[in-house]
Amino acid sequence: MRRAFIAGNWKLNKTISESVEFVNAVKASVAGATGVDIGIGAQFAALKSLADACKGTNIKIGAQDCYWEESGAFTGEVAPAMLIDAGCSFVIIGHSERRQFFGETNETVNRKIKAALAAGLEVIMCCGEMLEERERGVTNKVVKDHIVNGLAGLTVEQMKKVTVAYEPVWAIGTGKTATPAQAQEVHAFIRGLLKEIFGEATAQSVRIQYGGSVKPDNVKELMAQPDVDGGLVGGASLKPDSFEKLVNFGK
Ligand code: PEP
């Protein structure tokens, strides 16, 4: 059985004090959410304070990107070990916004994943097609390209620390959620790819989150799909009451 994993992706939102205030508001009500891993991916400057505020709670803190070098002349970058030092346990890599606006490629995604895992972080690797690609009927081709190249060279052991997030780009921040059937279809396809690359046991144990306008009123239906193991949630993770409902989807 795969343990559910609901993670908020706060993107470029919330100051340090707003982040800490959020955690203080939700920590009691999410404490009872058993059987689910809970995470928040926050902006770099808030990570240390947020991680400190989450000590003793069941909320894990992660970053939304990292670099693959450990140190050196790479102005503006943050190394995986620095994220651990700040209190992070995971990092989101390859989000479509980074691919669209910041030149992220499958190759850089792959380098970042390897560096993050080597430093001891868990990874959420995002994949997913643009609207135009879905309309051209190349969803599986695009997703395969992201999975095969993004995870190239990883071992079965390393895959124990990797979660895949399927995020159709047309559903991110648009209010247009993939139907549970659409999500399940691609999730099953991804699990099939994982089986081809890493074997049956890994395919069965890797968690695949769905992301794209997940909300309290659709999370249950999505989570009921056999290959949907969690959610990566943007907008609906920003408000305490909505976050609490998302992580308590099973109740
Ligand atoms: C995301 O940021 O990964 C995301 C899925 O955003 P939203 O839930 O707002 O669509």
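**Exercise 1. Find out why C66 forms no disulfide.**

Step 1. Apply the cut-off: a disulfide is a pair of cysteine sulfur atoms within 2.5 Å.
Step 2. Find the closest cysteine sulfur to that of C66. It belongs to C88 and lies 9.8 Å away, too far for a bond.
Step 3. Look from the other side. For C88, the closest cysteine sulfur is in C66, at 9.8 Å, again too far for a bond.
Step 4. Take the total. The count is 0 disulfides by this rule.
Step 5. Check burial (buried is under 20% relative accessible area, exposed over 50%, partly exposed in between, with a 1.4 Å probe and protein chains only). C66 is buried at 1% relative accessibility. C88 is buried too, at 6%.

A note on the model: it is predicted, so local features need pLDDT of at least 70 and side-chain atom pairs pLDDT 80 or more, while totals for chains, interfaces and linings use all residues. Residues are numbered from 1 along each chain as its sequence is written, and side-chain values use heavy atoms, without hydrogens and water.

**Exercise 2. Trace the barrel and place helix α12 against the strands.**

Step 1. Set the terms. Helices (H or I, at least four residues) and strands (E, at least two) are DSSP runs, numbered from the N terminus. Two strands pair if DSSP finds at least two bridges between them.
Step 2. Follow the order. The barrel closes with 8 strands, β1-β2-β3-β4-β5-β6-β7-β8, in parallel pairing. Neighbouring strands are turned by 25° against each other on average, direction ignored.
Step 3. Zoom in on one pair. β3 (residues 59-63) and β4 (residues 90-93) run parallel and are joined by 2 bridges. Here G62 stands opposite F90 of β4.
Step 4. Add the helix. α12 (residues 240-247) lies across β1 (4-9), β2 (36-41) and β8 (230-233). Contact means heavy atoms within 4.5 Å. α12 runs at about 145° to β2. Axes are lines fitted to C-alpha atoms, for helices over the stretch in contact; angles run from 0 to 180 degrees between N-to-C directions.

**Exercise 3. List the residues around the ligand and its polar contacts.**

Step 1. Collect residues with a heavy atom within 4 Å. There are 14, and K11, E167, G173, S213 and G234 are the closest.
Step 2. Search for N or O pairs within 3.5 Å. A ligand oxygen is 2.7 Å from a side-chain N or O atom of E167. For N9, the side-chain distance to a ligand oxygen is 3.0 Å.
Step 3. Include the backbone. A polar backbone atom of G234 is 2.8 Å from a ligand oxygen.

Technical notes: A polar contact is a pair of N or O atoms within 3.5 Å; within protein, one must be able to donate a hydrogen and the other to accept it, and residues adjacent in sequence count only if both atoms are side-chain atoms.
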